[in-house]
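Please open the structure in your viewer and keep the sequence panel beside it. The stops below go from the whole chain to its sheets, one selection at a time.

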Amino acid sequence: MKILLIEDEIKLSAYLRKGLSEAGYNVDVVHNGVDGLHMALEGAHDLLILDAMLPGIDGFSMLAALRNTKQTPVLMLTARVSVEDRVRGLQTGADDYLVKPFAFSELIARIQVLLRRTHGARDAGEPTLLGIADLELDLVRRKATRAGQRIDLTAKEFLLLTLFLRRKGAVLSRTEIAEQVWDMDFDSDTNVVEVAIRRLRSKMDSPFEKTLLHTVRGMGYILEERS
(Lines give C-alpha, C1' and ligand atoms only; values in the text may rest on other atoms or scores of the structure.)
Protein backbone atom coordinates (compact mmCIF):
# COMPACT_ATOMS: atom_id res chain seq x y z
CA MET A 1 0.00 0.00 0.00
CA LYS A 2 1.29 3.45 -0.95
CA ILE A 3 0.63 6.48 1.27
CA LEU A 4 1.13 10.17 0.52
CA LEU A 5 1.90 12.17 3.67
CA ILE A 6 1.41 15.94 3.35
CA GLU A 7 2.74 17.50 6.55
CA ASP A 8 4.78 20.71 6.98
CA GLU A 9 6.27 19.81 10.39
CA ILE A 10 9.61 18.31 9.39
CA LYS A 11 10.26 16.33 12.57
CA LEU A 12 6.73 14.95 12.71
CA SER A 13 6.75 13.95 9.04
CA ALA A 14 10.11 12.19 9.46
CA TYR A 15 8.79 10.33 12.50
CA LEU A 16 5.60 9.30 10.72
CA ARG A 17 7.46 8.24 7.59
CA LYS A 18 9.78 6.01 9.62
CA GLY A 19 6.94 4.44 11.57
CA LEU A 20 4.73 3.86 8.54
CA SER A 21 7.62 2.36 6.58
CA GLU A 22 8.34 -0.02 9.44
CA ALA A 23 4.65 -0.96 9.39
CA GLY A 24 5.02 -2.05 5.77
CA TYR A 25 3.74 0.97 3.86
CA ASN A 26 5.49 2.81 1.03
CA VAL A 27 5.44 6.50 1.94
CA ASP A 28 5.90 9.66 -0.12
CA VAL A 29 6.29 12.91 1.84
CA VAL A 30 5.75 16.54 0.82
CA HIS A 31 5.73 19.61 3.04
CA ASN A 32 3.34 22.05 1.35
CA GLY A 33 -0.08 22.10 -0.23
CA VAL A 34 1.04 22.97 -3.77
CA ASP A 35 3.37 19.97 -4.12
CA GLY A 36 0.92 17.85 -2.19
CA LEU A 37 -1.93 18.56 -4.61
CA HIS A 38 0.31 17.85 -7.59
CA MET A 39 1.45 14.49 -6.21
CA ALA A 40 -2.06 13.57 -5.09
CA LEU A 41 -3.43 14.21 -8.59
CA GLU A 42 -0.56 12.67 -10.54
CA GLY A 43 0.42 9.78 -8.27
CA ALA A 44 -1.19 6.42 -7.59
CA HIS A 45 -1.64 6.42 -3.82
CA ASP A 46 -3.93 4.22 -1.76
CA LEU A 47 -4.32 6.81 1.01
CA LEU A 48 -3.51 10.46 1.77
CA ILE A 49 -2.59 11.72 5.24
CA LEU A 50 -3.24 15.44 5.04
CA ASP A 51 -2.40 18.18 7.52
CA ALA A 52 -5.08 20.88 7.69
CA MET A 53 -2.65 23.80 8.07
CA LEU A 54 -0.17 23.89 5.19
CA PRO A 55 1.85 26.58 3.42
CA GLY A 56 0.93 27.34 -0.17
CA ILE A 57 -2.53 25.79 -0.13
CA ASP A 58 -4.18 24.84 3.15
CA GLY A 59 -5.40 21.29 3.63
CA PHE A 60 -9.09 22.14 3.27
CA SER A 61 -8.59 23.92 -0.06
CA MET A 62 -6.29 21.16 -1.30
CA LEU A 63 -8.85 18.52 -0.40
CA ALA A 64 -11.65 20.41 -2.16
CA ALA A 65 -9.51 20.64 -5.33
CA LEU A 66 -8.60 16.95 -5.11
CA ARG A 67 -12.23 15.87 -4.79
CA ASN A 68 -13.04 17.43 -8.16
CA THR A 69 -11.21 14.57 -9.89
CA LYS A 70 -10.14 11.85 -7.40
CA GLN A 71 -11.69 9.93 -4.53
CA THR A 72 -8.50 8.71 -2.85
CA PRO A 73 -9.20 8.10 0.88
CA VAL A 74 -8.02 11.04 3.01
CA LEU A 75 -7.16 11.07 6.70
CA MET A 76 -6.83 14.64 7.95
CA LEU A 77 -4.49 15.70 10.75
CA THR A 78 -4.91 18.95 12.63
CA ALA A 79 -3.99 20.71 15.84
CA ARG A 80 -7.44 22.30 15.90
CA VAL A 81 -9.91 20.67 18.26
CA SER A 82 -13.12 22.55 17.48
CA VAL A 83 -16.13 20.64 16.23
CA GLU A 84 -16.53 23.19 13.43
CA ASP A 85 -13.11 22.35 11.99
CA ARG A 86 -13.76 18.61 12.11
CA VAL A 87 -17.13 19.07 10.43
CA ARG A 88 -15.55 21.30 7.78
CA GLY A 89 -12.95 18.68 6.99
CA LEU A 90 -15.51 15.89 6.70
CA GLN A 91 -17.86 18.01 4.60
CA THR A 92 -14.98 18.95 2.29
CA GLY A 93 -14.33 15.27 1.60
CA ALA A 94 -12.12 13.84 4.34
CA ASP A 95 -12.81 10.21 5.23
CA ASP A 96 -11.50 10.48 8.79
CA TYR A 97 -10.07 13.07 11.16
CA LEU A 98 -7.29 12.83 13.78
CA VAL A 99 -6.43 15.64 16.21
CA LYS A 100 -2.81 16.30 17.21
CA PRO A 101 -1.20 15.12 19.37
CA PHE A 102 -2.19 11.52 18.68
CA ALA A 103 -0.87 8.06 19.45
CA PHE A 104 0.89 6.41 16.51
CA SER A 105 -1.02 3.20 17.23
CA GLU A 106 -4.29 5.07 16.71
CA LEU A 107 -3.04 6.45 13.40
CA ILE A 108 -2.19 2.91 12.22
CA ALA A 109 -5.60 1.64 13.34
CA ARG A 110 -7.42 4.39 11.45
CA ILE A 111 -5.32 3.77 8.34
CA GLN A 112 -6.15 0.07 8.45
CA VAL A 113 -9.88 0.80 8.79
CA LEU A 114 -9.85 3.19 5.82
CA LEU A 115 -7.88 0.81 3.63
CA ARG A 116 -10.12 -2.13 4.52
CA ARG A 117 -13.17 -0.02 3.78
CA THR A 118 -12.00 1.18 0.37
CA HIS A 119 -9.99 -1.80 -0.84
CA GLY A 120 -12.44 -4.26 0.66
CA ALA A 121 -15.13 -2.89 -1.64
CA ARG A 122 -12.76 -2.64 -4.59
CA ASP A 123 -11.14 -6.05 -4.13
CA ALA A 124 -14.08 -8.03 -2.80
CA GLY A 125 -13.06 -10.97 -4.96
CA GLU A 126 -9.40 -10.95 -3.89
CA PRO A 127 -8.50 -13.71 -1.43
CA THR A 128 -7.24 -12.79 2.02
CA LEU A 129 -5.47 -16.15 2.37
CA LEU A 130 -2.56 -16.91 0.04
CA GLY A 131 -0.64 -20.16 -0.05
CA ILE A 132 1.45 -22.76 -1.80
CA ALA A 133 2.14 -26.31 -0.63
CA ASP A 134 2.11 -26.16 3.20
CA LEU A 135 2.89 -22.41 3.32
CA GLU A 136 0.01 -20.05 4.15
CA LEU A 137 -0.20 -16.27 4.50
CA ASP A 138 -3.15 -14.54 6.16
CA LEU A 139 -3.30 -10.97 4.80
CA VAL A 140 -5.88 -9.79 7.33
CA ARG A 141 -4.24 -11.17 10.46
CA ARG A 142 -0.75 -10.59 8.96
CA LYS A 143 0.24 -14.12 9.93
CA ALA A 144 2.46 -16.59 8.10
CA THR A 145 2.60 -20.33 8.80
CA ARG A 146 4.25 -23.36 7.25
CA ALA A 147 3.28 -26.91 8.15
CA GLY A 148 1.24 -25.35 10.95
CA GLN A 149 4.27 -23.57 12.44
CA ARG A 150 4.22 -19.78 12.90
CA ILE A 151 6.82 -17.85 10.86
CA ASP A 152 7.79 -14.49 12.36
CA LEU A 153 8.35 -11.99 9.56
CA THR A 154 9.39 -8.35 9.50
CA ALA A 155 7.16 -5.86 7.66
CA LYS A 156 9.33 -5.99 4.53
CA GLU A 157 9.59 -9.78 4.63
CA PHE A 158 5.79 -9.94 4.83
CA LEU A 159 5.49 -7.68 1.77
CA LEU A 160 8.11 -9.73 -0.07
CA LEU A 161 6.35 -13.02 0.63
CA THR A 162 2.99 -11.49 -0.34
CA LEU A 163 4.48 -10.45 -3.69
CA PHE A 164 5.86 -13.95 -4.35
CA LEU A 165 2.59 -15.64 -3.39
CA ARG A 166 0.54 -13.34 -5.58
CA ARG A 167 2.92 -14.05 -8.47
CA LYS A 168 3.70 -17.69 -7.66
CA GLY A 169 5.05 -19.59 -10.64
CA ALA A 170 6.41 -16.40 -12.24
CA VAL A 171 10.05 -15.33 -12.27
CA LEU A 172 10.51 -11.97 -10.55
CA SER A 173 13.61 -9.94 -11.33
CA ARG A 174 15.56 -8.05 -8.69
CA THR A 175 14.45 -4.78 -10.32
CA GLU A 176 10.76 -5.67 -10.06
CA ILE A 177 11.13 -6.83 -6.46
CA ALA A 178 12.92 -3.60 -5.50
CA GLU A 179 10.22 -1.49 -7.15
CA GLN A 180 7.31 -3.41 -5.63
CA VAL A 181 8.60 -3.94 -2.09
CA TRP A 182 10.94 -0.99 -1.49
CA ASP A 183 9.40 1.47 -3.97
CA MET A 184 12.90 2.22 -5.28
CA ASP A 185 14.71 2.25 -8.59
CA PHE A 186 17.10 -0.67 -8.68
CA ASP A 187 20.74 0.15 -7.98
CA SER A 188 23.20 -2.55 -9.04
CA ASP A 189 25.44 -1.61 -6.10
CA THR A 190 22.67 -2.35 -3.60
CA ASN A 191 22.25 -5.90 -2.29
CA VAL A 192 19.06 -5.17 -0.33
CA VAL A 193 17.07 -7.66 -2.40
CA GLU A 194 19.59 -10.48 -1.97
CA VAL A 195 19.81 -9.88 1.78
CA ALA A 196 16.01 -9.89 2.14
CA ILE A 197 15.68 -13.07 0.05
CA ARG A 198 18.33 -14.79 2.15
CA ARG A 199 16.58 -13.85 5.40
CA LEU A 200 13.18 -14.90 4.08
CA ARG A 201 14.56 -18.27 2.99
CA SER A 202 16.11 -18.84 6.39
CA LYS A 203 12.64 -18.58 7.91
CA MET A 204 10.31 -20.16 5.35
CA ASP A 205 12.54 -22.76 3.65
CA SER A 206 15.60 -23.74 5.68
CA PRO A 207 13.75 -25.31 8.64
CA PHE A 208 11.65 -27.46 6.30
CA GLU A 209 12.32 -30.39 4.01
CA LYS A 210 11.07 -28.89 0.74
CA THR A 211 12.39 -25.64 -0.81
CA LEU A 212 9.76 -23.33 -2.29
CA LEU A 213 11.71 -20.15 -3.14
CA HIS A 214 14.20 -20.79 -5.96
CA THR A 215 16.86 -18.76 -7.78
CA VAL A 216 16.67 -18.61 -11.56
CA ARG A 217 20.22 -17.82 -12.59
CA GLY A 218 20.56 -14.57 -14.50
CA MET A 219 16.84 -13.80 -14.22
CA GLY A 220 15.66 -13.55 -10.62
CA TYR A 221 13.59 -15.63 -8.22
CA ILE A 222 10.50 -17.83 -8.38
CA LEU A 223 8.15 -19.27 -5.77
CA GLU A 224 6.92 -22.68 -6.87
CA GLU A 225 6.52 -26.25 -5.65
CA ARG A 226 8.95 -28.62 -7.36
CA SER A 227 8.90 -32.38 -7.20
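Begin with the whole protein chain of this predicted model, where residues 24 or more positions apart account for 55% of the contacts with a separation of 6 or more. With the chain still selected, show it as a cartoon, and you will be looking at eight helices and 11 strands, while the C-alpha trace spans about 65 × 35 × 30 Å along its principal axes. If you switch to a surface, about 11,800 Å² of the protein chain is exposed, and carbon and sulfur atoms supply 49% of that area. Buried residues make up 43% of the 227 residues in the chain. Colouring by charge brings up 31 positive and 33 negative charges, whose mean positions lie 4 Å apart.

Next, go to the open sheet of five strands, which has the order S2-S1-S3-S4-S5 and parallel pairing. Select strand S2 (26-30) and strand S5 (96-99) to find its edges; each has a single partner strand, so one side of each is left without a neighbour in the sheet. Looking across this sheet, you will see neighbouring strands turned by 20° against each other on average, with direction ignored. Within it, select strand S3 (residues 47-51) together with strand S4 (residues 74-78), which run parallel and are joined by four bridges. To see one such pairing, pick aspartate 51, whose bridge partner in S4 is leucine 77.

Now move to another open sheet, this one of four strands in the order S6-S7-S8-S9, with antiparallel pairing. Its edge strands are strand S6 (129-132) and strand S9 (149-151), each of which pairs on one side only, and the twist from one strand to the next averages 25°. Select strand S8 (residues 143-146) with S9, and you have an antiparallel pair held over three bridges, where arginine 146 has glutamine 149 in S9 as its bridge partner. Then add helix H6 (residues 155-166), which packs on the sheet and touches S6, strand S7 (135-138) and S8, its direction making about 115° with that of S7.

For the last stop, select strand S10 (residues 213-216) and strand S11 (residues 220-223), which run antiparallel and are joined by four bridges. Histidine 214 is a good residue to pick here, with isoleucine 222 in S11 as its bridge partner. Which kind of element do S10 and S11 form? They form a hairpin with three residues between the strands, and glycine 218 in the turn has a positive phi of about 80°.

Technical notes. Residues numbered from 1 in each chain as written. Predicted model: local features only at pLDDT ≥ 70, side-chain atom pairs only at ≥ 80, totals over all residues. Heavy atoms only, no water. Pairing = 2+ DSSP bridges. Helix = DSSP H or I, 4+ residues; strand = E, 2+ residues; numbered from the N terminus. Axes fitted to C-alpha atoms, helices over the stretch in contact; angles between N-to-C directions. Contact = heavy atoms within 4.5 Å. Buried < 20%, exposed > 50% of the residue type's maximum accessible area, 1.4 Å probe, protein only. Areas by Shrake-Rupley, 256 points an atom, 1.4 Å probe, with all protein chains shown as cover. Lys, Arg positive; Asp, Glu negative; His and termini not counted. Charge placed at Lys NZ, Arg CZ, Asp CG, Glu CD.
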